[in-house]
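Student: Please take one strand of this model and go through it closely, with its pairing, the turns beside it and the pockets around it.

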Amino acid sequence: MTQNGEDVTLARRRAELHLAAEGSGPPPVPTESVPPVPTEPVPHPQARELPQDRSQAILEAAKRVGAVLKRKGHTFALAGSVAVYAHGGSRHLQHDADFCILPQDAEAVAATLREAGLGVRVPPEDWLLKATCFEQDVDIIFELAQQPVSPDLLQRAQYLPVDSVHMPVLAPTDLMRSLISAFSEHHCDFGSVLPVARALREKVDWEEVRKSCGDEPMPAAFLFLLERLHVIEPRKEQP
């Protein structure tokens, strides 16, 4: 009898432990609360929209501003990397569009750009205005290489096609001189100007460039580099 009672008691304790174990776990999740598995495929990362072509945006901004200035009869010339492109250089544009104007025309040009719906602002620098076109910066410069833009500089500009828009473009010698003259102890990026020198070397009067800025330390160093790389001929010895 005792053995049978112990068996009954042991069986009862096992049943209680089993029930307790079932009650300690998390309650079952109702079927309706489980979110459905998505059936649409996840897009491949390469299928997303490609980033905007920055070079094309800068080029379009230059064409737009050039057309506006032409229509109003302003005296100007395209400068910077877009001018290099117009002369046959690289189309890889990663900064902004630049235009040269006479200092006395700054207010009139700003008014023309505002009338065309472009944003114009006056930065802390006192040698340019900044406009915005197609979300790209456009520099309206009236001082180049630390010298006021002159009528002679603009008269030497060449009328060239910039894609589908013809406009005045700084002459290659003036363009190269403006880039080299900007070198200083605080700004001396030879790597960005070297491809320009290679692209325009046959169109530039290098003796004129040397005469105007070749005695300054950084421009002289860049001209020496061009000689060592056989981009330009060595300077002729003075008699």
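Tutor: What follows is an account of strand β5 and its surroundings.

This is a predicted model, in which local features need pLDDT of at least 70 and side-chain atom pairs count only at pLDDT 80 or more, while totals for chains, interfaces and linings use all residues. Residues are numbered from 1 along each chain as its sequence is written, and side-chain values use heavy atoms, with hydrogens and water left out.

Strand β5 covers residues 136-141; strands (E, at least two residues) and helices (H or I, at least four) are DSSP runs numbered from the N terminus. Five of the six residues in β5 are buried, where buried means under 20% relative accessible area, exposed over 50% and partly exposed in between, with a 1.4 Å probe and protein chains only.

β5 pairs with β2 (residues 97-101) in the parallel sense, over four bridges; two strands pair if DSSP finds at least two bridges between them. Within this pairing, isoleucine 140 of β5 is the bridge partner of phenylalanine 99. With β4 (residues 128-133), β5 runs antiparallel, joined by six bridges. Here aspartate 139 in β5 stands opposite lysine 130.

β4 and β5 form a hairpin with two residues between them. Phenylalanine 134, in the turn, has a positive phi of about 55 degrees. Glutamate 135, in the loop between β4 and β5, also has a positive phi, near 65 degrees. Most residues other than glycine have a negative phi. Glutamate 135 counts as exposed because its relative accessibility is 72%.

β5 also contributes to a pocket: along with α3 (80-86), β4, β6, α6 (172-181) and α7 (190-200), β5 supplies at least two residues of the lining of the largest pocket. A pocket is, on a 1 Å grid over the protein atoms alone, an open set of points where a 1.4 Å probe fits, with protein on both sides within 12 Å along at least five of seven lines; lining residues have an atom within 4 Å of a point. The space in the largest pocket is about 1,100 Å³, a volume being the space filled by probe spheres set on the points, which are joined across faces, edges and corners. Its lining has 34 residues, and those nearest the centre are Gly80, Ser81, Asp98, Leu179 and His187. By class, the lining comprises 16 nonpolar, 12 polar and six charged residues, with Ala, Val, Leu, Ile, Met, Phe, Trp, Tyr, Cys and Pro counted as nonpolar, Asp, Glu, Lys and Arg as charged, and the others, Gly among them, as polar.
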